[in-house]
Amino acid sequence: MVLSYESLERGAGLYFAALARISGFLMACPVTWMQPAAVRHLVALVLAAVVLWSLEEGGTRQLAPALSVLGALTLAGEFITGVLLGLVLHLWFAIFALAGQMAGMQMGLGMAQMNDPVSGIEVTVVSQFYQLAAMLVFVLIGGHTQVLAILVDSFRSLPIGECALLSSTHIWRLLSLASWMFSAAFVLAMPVLISVLIVNLGFGYAARTAPQLNLLTLGFPLSLLSGLLVISYSFLGFMEPVQRLTREALVLLRQLAQL
């Protein structure tokens with residue numbers, strides 16, 4: 001089999017377009033942010049080769065040369081499409097970060113903060129604990145394999161060069177996910193919030209009846225202890241809400257990918 005210049009140019013254009021979408025997805029996906037850069041680059045190169053092989057079998061429309069202006073716009077559109085797909089998982093991961101932040105601040109752990117590698121800001125240790133636990137459950141239930149399968153299948157439902165994901169309907173759907181993120185995070189943090197609120201109400205009543213008590217010394221340890229106890233008991237059923245939220249995120253991801 002003799003390879004012509006046209007076939008090589010077409011294959012290179014498809015490969016770099018697929019690599020642009022996959023790179024944008026891996027950049028926005030929080031699952032890969034904790035991995036070294038070399039691992040992310042290797043995964044992107046391998047996935048782009050797999051996608052190129054599947055596209056060569058299924059066929060695709062003719063693309064503009066990669067070095068032309070239209071080719072550069074195609075690569076930019078594919079990169080943005082991948083970022084928007086990865087944004088769904090970013091919002092899923094932010095649910096647990098926000099829930100841990102709410103619980104940690106209410107428990108009085110505002111000064112016990114750590115650097116979050118995903119968001120790049122300082123978050124409480126409770127938020128880190130929620131994120132690590134959610135990531136562990138996500139990998140255990142095979143969420144990462146389903147996400148990669150959706151990403152590869154998106155090249156058939158959203159052919160390279162069409163940028164169908166950039167419509168106003170899909171952009172508005174992504175923006176509406178913010179309400180889903182805040183409501184789910186509030187539900188996850190609600191047991192801790194309610195328990196600490198009850199403890200604070202009890203100390204408020206004690207302050208009115210026994211002013212001689214040093215509530216500043218007793219309040220913080222009891223609030224922290226009650227919050228930790230509620231978190232320990234709530235984590236007995238932590239896998240069920242993570243699975244439910246993961247299913248919702250995968251459904252939204254399939255809808256955006258038009259699968």
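# Exercises on a helical chain

Of the 259 residues in the protein chain, 42% count as buried. The model is a predicted one, so please keep that in mind as you work through the exercises below.

## Exercise 1: The overall layout

Task: Describe the secondary structure of the protein chain and the order in which its elements come.

Solution.
- Step 1. Start with the inventory: the secondary structure comes to eight helices and two strands.
- Step 2. Put the elements in sequence order, and the pattern α-α-α-β-β-α-α-α-α-α appears.
- Step 3. Turn to the contacts. Among those between residues at least 6 apart in sequence, 80% join residues at least 24 apart.
- Step 4. Finish with the surface. The protein chain exposes about 13,600 Å², and carbon and sulfur atoms supply 72% of that area.

## Exercise 2: Two salt bridges

Task: The structure holds two salt bridges. Work out where the partners of each one sit, and whether they are buried or partly exposed.

Solution.
- Step 1. Take the pair Arg 21 and Glu 78, whose side chains meet in a salt bridge at 2.7 Å, N to O. This pair links distant parts of the chain: Arg 21 belongs to helix 1 (residues 5–28) and Glu 78 to helix 3 (residues 69–107), with their positions 57 residues apart.
- Step 2. Check the burial of these two. The cut-off for buried is under 20% relative accessible area. Arg 21 has 1%, so Arg 21 is buried. Glu 78 has 0%, so Glu 78 is buried.
- Step 3. Move on to Arg 244 and Glu 248, whose side chains meet in a salt bridge at 3.7 Å, N to O. Because these residues are four apart in helix 8 (residues 239–256), about one helical turn separates them.
- Step 4. Apply the accessibility classes again. Values between 20% and 50% count as partly exposed. Arg 244, at 32%, is therefore partly exposed, and Glu 248, at 29% relative accessibility, is partly exposed.

## Exercise 3: Helix 5 against helix 8

Task: Find how helix 5 and helix 8 are oriented to each other, and which residues make the contact.

Solution.
- Step 1. Read off the geometry: helix 5 (residues 143–157) and helix 8 pack at an angle of about 5°, with axes 10 Å apart.
- Step 2. Compare with the cut-off: angles under 35 degrees count as roughly parallel. Helix 5 and helix 8 are therefore roughly parallel to each other.
- Step 3. Locate the contact. Helix 5 contributes Gln 146, Val 147 and Ile 150, while helix 8 contributes Leu 250, Leu 253 and Arg 254.
- Step 4. Look at another residue of helix 8, Glu 240. With a relative accessible area of 47%, Glu 240 is partly exposed. The C-alpha atoms of Glu 240 and Val 137 are separated by 9.6 Å, although the two residues are 103 apart along the chain.

## Exercise 4: Helix 3 and its surroundings

Task: For Gly 104 and Leu 98, find the helix, the burial class and a residue that is distant in sequence.

Solution.
- Step 1. Gly 104 lies in helix 3. Its relative accessible area is 0%, so Gly 104 is buried.
- Step 2. Measure along the chain and then through space: Gly 104 and Ser 127 are 23 residues apart in sequence and 7.0 Å apart, C-alpha to C-alpha.
- Step 3. Leu 98 also has its place in helix 3. At a relative accessible area of 21%, Leu 98 is partly exposed.
- Step 4. Leu 98 and Leu 188 are 90 residues apart in sequence, with 9.4 Å between their C-alpha atoms. Leaving out residues up to four places away in sequence, Leu 98 touches Phe 182 and Ala 185.
- Step 5. Add a residue of helix 4 (residues 125–140), Gln 128. Gln 128 is buried, with a relative accessible area of 9%. From Gln 128 to Phe 96 is 32 residues in sequence and 8.7 Å in space, C-alpha to C-alpha.

## Exercise 5: A nonpolar patch

Task: Which residues form a nonpolar patch on the surface?

Solution.
- Step 1. The members are Phe 186, Val 187, Met 190, Ile 194 and Ile 198.
- Step 2. Together these residues have about 440 Å² of accessible area.
- Step 3. Pick one member, Met 190, which lies in helix 6 (residues 168–209). Met 190 is partly exposed, with a relative accessible area of 30%.

Methods
Residues numbered from 1 in each chain as written. Predicted model: local features only at pLDDT ≥ 70, side-chain atom pairs only at ≥ 80, totals over all residues. Heavy atoms only, no water. Patch = residues over 30% accessible without salt bridge, like charges linked within 9 Å, V, L, I, M, F, W, Y side chains within 5 Å. Areas by Shrake-Rupley, 256 points an atom, 1.4 Å probe, with all protein chains shown as cover. Salt bridge = Lys/Arg side-chain N within 4 Å of Asp/Glu carboxyl O. Buried < 20%, exposed > 50% of the residue type's maximum accessible area, 1.4 Å probe, protein only. Axes fitted to C-alpha atoms, helices over the stretch in contact; angles between N-to-C directions. Parallel < 35°, antiparallel > 145°, perpendicular 65-115°, else oblique. Contact = heavy atoms within 4.5 Å.
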